[in-house]
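Reader: I am new to this structure. Could you walk me through it, one question at a time?

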Amino acid sequence: MTCGLSHLRTSLICLLLFAYTLVAQTNPSMPTIPPGTNLSDAHALFPLAVSANSLDQPGLTPWHLKAAYESFDENGTLTEQGTFEEWRLSPDKWKRAYTSAKFNQTEYESAEGTSYDTDAGGPPWPLSLIGKELVHPMPDSSDTEGSTPELRPFNATKTVKLSCLMLTQSLKKTPWPLGLFPTYCFTANSRMLRFELFDGGVEAVRNQIAVFHGAYLAKDISVSDQGKSLLRIQLLDLSSMNQSEATALNAASGFAKIAPPKQVDVASGVISGNKIGGPNPIYPDRAKQAHIQGKVVMQARIGTDGRIHQLRVVSSTDDLLSIAAVSAVERWVYKPYMLQSKPVSVKTTINVIFTLGP
């Protein structure tokens with residue numbers, strides 16, 4: 001069943017459509033909450049939620065995961081079916097394989113960098129989301145730079161109560177609308193991740209929650225973009241690797257290859273020419289009526305898929321202009337920036353100017 005995910009409330013109601021069950025895997029221990037932890041404190045909840053929903057924590061036994069996926073085009077039409085596998089030795093050393101009629105690639109990650117067995121670079125959008133959703137759905141520290149976790153209760157229905165944590169920024173007077181910045185919602189009074197909103201309108205609903213080595217994971221994940229189906233992921237298998245399997249993987253030759261840098265700084269004038277899509281900012285009526293104009297300066301990280309993965313307001317004339325600028329810019333899409341014929345992540349500045357002139 002496909003959920004219509006055009007609004008936050010509608011999205012969360014989709015949680016009701018799939019009953020979730022806790023399924024004990026190799027290690028049935030549930031994620032523990034340190035004694036005295038205040039789950040209503042956003043600063044205390046955030047790091048605990050990251051660890052409780054990640055399969056790449058230090059000290060975790062090497063494991064192998066396999067999942068099936070379906071991807072959809074911009075109209076929500078099924079375009080591809082395939083499988084995804086990951087073998088993980090440690091948080092910084094793993095192997096991933098994508099297999100379908102349209103895309104076949106093996107990816108290696110190590111301390112030396114990322115390498116691929118083809119010249120295509122990283123997996124295309126939206127396949128690049130599969131590993132994130134299965135292994136590490138919560139943001140990394142690089143994604144939270146300049147942000148402050150803000151916790152708000154959210155009642156999707158009378159019976160479904162969630163705690164939503166948004167990575168917000170300081171404003172002078174006006175509160176940010178819930179969901180404007182990356183937002184992660186958990187079952188009330190727990191750290192079980194059930195819903196995500198990120199990258200300017202991409203939503204992930206997580207169902208059939210299981211536990212593996214003390215971490216939550218979703219066996220059924222539905223991802224949409226601006227209310228249209230984008231990706232469906234179903235976990236098929238997850239198990240620990242034995243010593244011989246881990247040793248063989250550790251010796252794999254693919255880890256020896258070195259890829260280009262993961263991120264480069266690019267001037268705003270250069271990257272602006274790569275923009276290929278996204279809405280124009282809408283001048284807020286209240287700002288017009290108050291004769292408010294000026295410039296919103298934002299720092300952005302654009303991923304190898306051309307999507308904005310982090311957006312931070314550096315300076316702004318007014319809160320209303322900030323909200324309008326972020327609402328539009330977070331949905332902009334760029335041609336991937338190429339270095340050594342490979343797409344790389346870009347850190348840049350984006351300026352949006354609001355003027356009452358002609």
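Author: Gladly. The model is predicted. Start with helix α7, where D319, L320, L321, S322, I323, A324, A325, V326, A328 and V329 are buried.

Reader: How many of the residues of helix α7 are buried?
Author: Helix α7 spans residues 319-329, which is 11 residues. The helix is largely enclosed by the rest of the structure, because the buried ones number 10 of the 11.

Reader: Which elements do the buried residues of α7 pack against?
Author: One partner is a helix, α6 (285-289). The others are strands. The full set is α6, β15 (294-302), β16 (308-315) and β19 (342-354).

Reader: Which residue caps the N-terminal end of α7?
Author: Look for a side-chain oxygen 2.8 Å from the backbone nitrogen of L320. That oxygen belongs to the capping residue, D318.

Reader: Which residues have the most contacts inside the largest nonpolar core?
Author: That core has 44 residues. Apart from it lies another core, of 32 residues, with M166, V264, L311 and A324 among them. In the largest core, the residues with the most contacts are L65 and L134.

Reader: What is L134 in contact with, leaving aside its neighbours within four places in sequence?
Author: L65 is one of its partners. So that the list is complete under the 4.5 Å contact cut-off, here it is. L134 touches L55, L65, A67, F84, A218, I221 and I233.

Reader: Which residues does a disulfide join?
Author: The count comes to 1 disulfide. Its sulfur atoms lie 2.1 Å apart. The pair links distant parts of the chain, strand β7 (residues 161-168) and strand β8 (residues 183-187), 21 residues apart. The joined residues are C164 and C185.

Reader: Is the disulfide of C164 and C185 right-handed or left-handed, and why?
Author: The torsion about the S-S bond decides it. For C164 and C185 this torsion is about 105°, so the disulfide is right-handed.

Reader: Is C164 buried or exposed?
Author: Buried means under 20% relative accessible area. C164 has a value of 0%. Its partner C185 is also at 0% and counts as buried. So C164 is buried.

Reader: Which residues does a cis peptide bond join?
Author: Most peptide bonds are trans. Here omega is about 5°. P126 is found in the loop between β5 (113-116) and α3 (128-135). The cis bond joins W125 and P126.

Reader: Is D199 buried or exposed?
Author: D199 sits in the loop between β9 (193-198) and β10 (202-212). Its phi is near 50°, a positive value in a residue other than glycine. Its relative accessible area is 12%, so D199 is buried.

Reader: What is the relative accessible area of Q226?
Author: Q226 lies in the loop between β11 (215-225) and β12 (228-240). It has a positive phi, near 55°. Q226 is partly exposed, because its relative accessible area is 39%.

Reader: How many bridges join strand β1 to strand β2?
Author: β1 covers residues 63-72 and β2 covers residues 78-90. K66 stands opposite E85 in β2. In their hairpin, G76 takes a positive phi near 80°. The two strands run antiparallel, and the bridges number 10.

Reader: Through how many residues does a hairpin join β2 to β3?
Author: β2 and β3 (residues 93-100) pair in the antiparallel sense over 8 bridges. E86 stands opposite R96 in β3. The number of residues in the hairpin link is 2.

Definitions and conventions
Residues are numbered from 1 along each chain as its sequence is written. This is a predicted model: local features need pLDDT of at least 70, side-chain atom pairs count only at pLDDT 80 or more; totals for chains, interfaces and linings use all residues. Side-chain values use heavy atoms; hydrogens and water are left out. A nonpolar core is a set of buried Ala, Val, Leu, Ile, Met, Phe, Trp, Tyr and Cys residues joined through side-chain atoms within 4.5 Å. Buried means under 20% relative accessible area, exposed over 50%, partly exposed in between (1.4 Å probe, protein chains only). A disulfide is a pair of cysteine sulfur atoms within 2.5 Å. Helices (H or I, at least four residues) and strands (E, at least two) are DSSP runs, numbered from the N terminus. A polar contact is a pair of N or O atoms within 3.5 Å; within protein, one must be able to donate a hydrogen and the other to accept it, and residues adjacent in sequence count only if both atoms are side-chain atoms. Two strands pair if DSSP finds at least two bridges between them.
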